[in-house]
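User: I'm new to this one, so please keep it friendly. Take a close look at the pockets for me, and then carry on to whatever they lead you to.

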Number of protein chains: 2
Amino acid sequence: MNLRQLKIFLTVCESGSMSKAAKKLYMTQPSISQTISELEQELNVKLFERMNKKLLLTYAGEVLKEYAKRISSLVEEAQSTF
Amino acid sequence: MNLRQLKIFLTVCESGSMSKAAKKLYMTQPSISQTISELEQELNVKLFERMNKKLLLTYAGEVLKEYAKRISSLVEEAQSTF
DNA sequence: GCTAATTACGAGGAGCGTAACTATC
DNA sequence: GATAGTTACGCTCCTCGTAATTAGC
């Protein structure tokens with residue numbers, strides 16, 4: 001787990017789709033998809049339910065999302081300090 | 001800035017030297033040194049005062065250390081959840 | 001002379017893009 | 001057939017280790 005993954009995960013959560021997240025982050029869809037898969041494998045948990053072309057956060061996903069938000073804001077705060 | 005850098009920085013802070021941090025992290029001295037240098041360059045701030053073979057945290061270093069502790073513990077908490 | 005830190009450089013792996021495929025609307 | 005996601009693959013760059021250098025005890 002690293003900040004890059006958390007940032008991408010958060011963006012997917014907020015935008016509701018990988019393609020939208022890709023645009024926001026100026027990345028491609030496959031890279032986003034791959035990163036989410038890696039994160040799921042590393043944590044050994046499913047973060048999204050892939051249903052009918054719609055991404056749905058699992059409970060684990062919701063939990064991680066809250067951590068990701070707190071961690072990211074701390075990091076941004078730290079960076080803006082210097 | 002990433003979690004790897006923060007982890008290494010914290011270990012150097014806590015152990016008081018790069019060589020001790022290297023042992024703790026099962027890494028080599030040069031890798032530690034390089035990572036600290038990168039962090040200083042990225043944040044454009046000096047984190048340690050190199051005096052007489054002794055590493056001394058600067059004020060900026062102290063500030064970053066606190067952020068690093070909070071961020072790292074959050075990350076560990078998140079990881080231990082899954 | 002030994003320990004600690006920095007600098008230089010090369011190898012291996014992570015991360016991203018392109019291309020191709022699958023599937024849902 | 002258009003949009004969204006996954007899989008495959010290659011290239012680039014990051015990260016680490018080894019080797020060599022500098023400096024303080």
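Analyst: A pocket here is an open set of points on a 1 Å grid over the protein atoms alone, where a 1.4 Å probe fits and protein lies on both sides within 12 Å along at least five of seven lines; lining residues have an atom within 4 Å of a point. Its volume is the space filled by probe spheres set on the points, which are joined across faces, edges and corners. This is a predicted model, where local features need pLDDT of at least 70, side-chain atom pairs need pLDDT 80 or more, and totals for chains, interfaces and linings use all residues. Residues are numbered from 1 along each chain as written, chains are lettered from A and ligands numbered from 1 in written order, and side-chain values use heavy atoms, without hydrogens or water.

Let's start with the second largest pocket, which has a volume of about 160 Å³. Its lining brings together Val12(A), Cys13(A), Gly16(A) and Ser17(A) with Phe48(A), Lys53(A), Lys54(A), Leu55(A), Leu56(A) and Leu57(A). Which elements of chain A each put at least two residues into that lining? They are H1 and strand E2 (54-57), with helices (H or I, at least four residues) and strands (E, at least two) being DSSP runs numbered from the N terminus. E2(A) has the largest share, with 4 residues. By type, this lining splits into 6 nonpolar, 2 polar and 2 charged residues; Asp, Glu, Lys and Arg count as charged, Ala, Val, Leu, Ile, Met, Phe, Trp, Tyr, Cys and Pro as nonpolar, and the others as polar.

Now for the largest pocket, which holds about 220 Å³ of space. Leu3(A), Arg4(A), Lys7(A), Leu10(A), Thr11(A) and Glu14(A) are in its lining, and so are Lys24(A), Ser72(A), Val75(A), Glu76(A) and Gln79(A). Helix H1 (3-15) and helix H4 (59-81) of chain A each supply at least two of the lining residues. H1(A) is the top contributor, with 6 residues. The mix here is 3 nonpolar, 3 polar and 5 charged.

It helps to see where those pieces sit in the chain. Chain A has 4 helices and 2 strands, and along the sequence they come in the order α-α-α-β-β-α. Its C-alpha atoms fill a box of roughly 45 × 25 × 20 Å along the principal axes. Take residues 1-58 of chain A: that stretch is 60% helix and 14% strand, and its end C-alpha atoms sit 18 Å apart.

Arg4(A), one of the residues lining the largest pocket, also leads us to the DNA. It is among the closest residues to DNA strand C, along with Ser19(B), Gln29(B), Ser33(B) and Arg50(B). In total, 21 residues surround this strand, where being near means having a heavy atom within 4 Å of it. A polar side-chain atom of Arg4(A) comes 2.7 Å from a phosphate oxygen of strand C, which falls inside the cut-off for a polar contact (a pair of N or O atoms within 3.5 Å). Two serines reach phosphate oxygens of strand C with polar side-chain atoms as well: Ser31(A) at 2.9 Å and Ser33(B) at 2.5 Å.

Which helices make up the surface near strand C? Helix H3 (29-43) of chain A, plus helix H2 (18-24) and helix H3 (29-43) of chain B, each give at least two residues. H3(A) gives the most, with 5 residues. This surface has 6 nonpolar, 10 polar and 5 charged residues. On the DNA side, 68% of the strand C atoms within 4 Å of the protein belong to sugar or phosphate, and the rest to bases.

Then there's DNA strand D, with 20 residues around it; Gln29(A), Ser33(A), Arg50(A), Lys53(A) and Arg4(B) come nearest. Lys53(A) has already turned up in the lining of the second largest pocket. Arg4(B) has a side-chain N or O atom 2.6 Å from a phosphate oxygen of strand D. For Ser33(A), a side-chain N or O atom lies 2.5 Å from a phosphate oxygen of this strand. Ser19(A) uses its backbone instead: one of its backbone N or O atoms is 2.9 Å from a phosphate oxygen of strand D.

The surface near strand D gets at least two residues each from helix H2 (18-24) and H3 of chain A and from H3 of chain B. H3(B) gives the most, with 4 residues. By class, there are 6 nonpolar, 10 polar and 4 charged residues. Of the strand D atoms within 4 Å of the protein, 62% are sugar or phosphate atoms and the rest are in bases.

Notes. A polar contact is a pair of N or O atoms within 3.5 Å; within protein, one must be able to donate a hydrogen and the other to accept it, and residues adjacent in sequence count only if both atoms are side-chain atoms.
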